[in-house]
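Student: I have the sequence and the model open. Can we go through the side-chain packing together?

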Amino acid sequence: MSSTPESTSPVNAWDAALYDNRHAFVHRYGADLLDLLQPQSGQRVLDLGCGTGHLTAAIAERGAAVVGIDASAEMIDQARRNFPAIEFHVADAREYRSQEPFDAVFSNAALHWVKPAEAAVQTVAAALKPGGRFVAEFGGHGNVRYILAELHAAVSLVTGTNPGDFNPWYFPSVGEYAGLLERAGLEVRYAFLFDRPTPLDEGEAGMANWLAMFGQPCLMTVPADLRPAVITAAIERMRPRLWNAGGWTADYRRLRIVAVK
């Protein structure tokens with residue numbers, strides 16, 4: 001899920017077609033999260049940060065009435081083209097409110113983009129019926145630590161400046177996020193932080209494509225004419241650890257959560 005211009009989160013210019021074609025691993029890895037969600041016929045489910053709608057459609061296939069929201073108009077346009085029978089809306093995860101409550105809120109690979117995190121948690125709490133469940137997975141503490149470190153080093157090398165802490169995402173620990181949920185009136189039933197090294201598509205171009213899709217916020221302070229050199233330097237620095245047998249692997253760590261209002 002992307003941020004809006006007014007957000008305190010980084011602004012990302014999403015290429016929805018590139019996301020669908022070269023980053024399908026995002027929804028592929030989220031598919032087994034549906035087993036934790038267990039959507040049922042007759043239930044209402046909110047997919048928060050739905051992207052191009054593939055997991056929203058998988059929820060609908062299990063019989064639930066699902067609504068997908070994302071802050072990116074480009075993503076929602078693509079979702080509507082992909083799945084015209086499903087209800088999608090452009091909406092900010094920090095501010096969205098529905099007149100009808102939901103039996104469940106689902107979110108995959110989105111909440112690390114949303115800051116402040118407390119606002120998104122309030123949206124989840126407001127959306128749920130009493131007894132409703134929240135099932136989510138997103139980047140956890142230490143996610144893409146090596147990618148960020150080498151990108152940071154490349155910026156310093158190419159520009160001759162220290163960019164400081166430029167991590168644009170929210171990657172919480174189990175305890176940090178559980179505390180946010182509990183303060184919002186949700187009881188945490190399951191929380192799991194785990195390493196998930198993730199192969200990137202497109203062979204040699206995989207890391208460059210990943211940086212083009214997801215790494216833009218890290219380069220906001222780098223002059224545009226220097227960004228290609230930064231990306232090239234970062235990729236070469238990452239190669240010893242993240243390139244193997246003809247492909248790139250991102251050093252992902254994920255946080256899975258199940259909570260009940």
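Student: How many aromatic pairs does the structure hold?
Tutor: The model is predicted, so side-chain atom pairs count only at pLDDT 80 or more. Ring centres must lie within 6.5 Å to pair. On that basis the count of aromatic pairs is nine.

Student: Take Trp210 and Phe214. Is their pair stacked, edge-to-face or tilted?
Tutor: The ring centres are 5.5 Å apart, and the planes meet at 55°. Stacked needs under 30 degrees, and edge-to-face needs over 60. The angle of 55° fits neither, so the pair is tilted.

Student: Which helix holds Trp210 and Phe214?
Tutor: The two residues are four apart, about one turn of the helix. Residues at such a spacing point the same way, because an α-helix has 3.6 residues a turn. The helix spans residues 206-214 and is α9.

Student: Are Trp210 and Phe214 buried or exposed?
Tutor: The cut-off for buried is under 20% relative accessible area. Trp210 has 4%, and Phe214 has 7%. Both values fall under the cut-off, so Trp210 and Phe214 are buried.

Student: How many residues of α9 are buried?
Tutor: The helix is mostly covered. Its buried residues include Gly206, Asn209 and Leu211. Of nine residues in α9, the buried ones number seven.

Student: Which residues form one aromatic cluster with Trp210 and Phe214?
Tutor: The cluster reaches beyond the α9 pair. Its other members are Trp113, Trp169 and Phe171.

Student: Now the largest nonpolar core. Which element supplies its largest share?
Tutor: This core has 30 residues, and Leu46, Leu111 and Phe134 are among those that touch the most other members. Elements that each supply at least two residues include β1, β5 and α8. The largest share is six residues, and it comes from α6.

Student: Where does another core lie, and how many residues does it have?
Tutor: It lies apart from the largest core. Phe171, Met207, Met213 and Ala233 are among its members. Its size is 29 residues.

Student: Which ring does the charged end of Arg44 sit over?
Tutor: A charge over a ring must be within 6 Å of the ring centre. The charged end of Arg44 is 4.1 Å from the centre. The ring belongs to Phe102.

Student: Which side chain makes a polar contact with that of Arg94?
Tutor: Arg94 is found in the loop between β3 and β4. At a relative accessible area of 14%, Arg94 is buried. The contact spans 2.6 Å, and the partner is Asp92.

Terms used:
Residues numbered from 1 in each chain as written. Predicted model: local features only at pLDDT ≥ 70, side-chain atom pairs only at ≥ 80, totals over all residues. Heavy atoms only, no water. Phe/Tyr/Trp six-rings, centres within 6.5 Å; stacked < 30°, edge-to-face > 60°. Buried < 20%, exposed > 50% of the residue type's maximum accessible area, 1.4 Å probe, protein only. Lys NZ or Arg CZ within 6 Å of the ring centre and 35° of its normal. Core = buried A, V, L, I, M, F, W, Y, C linked by side-chain atoms within 4.5 Å. Polar contact = N/O pair within 3.5 Å; in protein donor to acceptor, adjacent residues only side chain to side chain.
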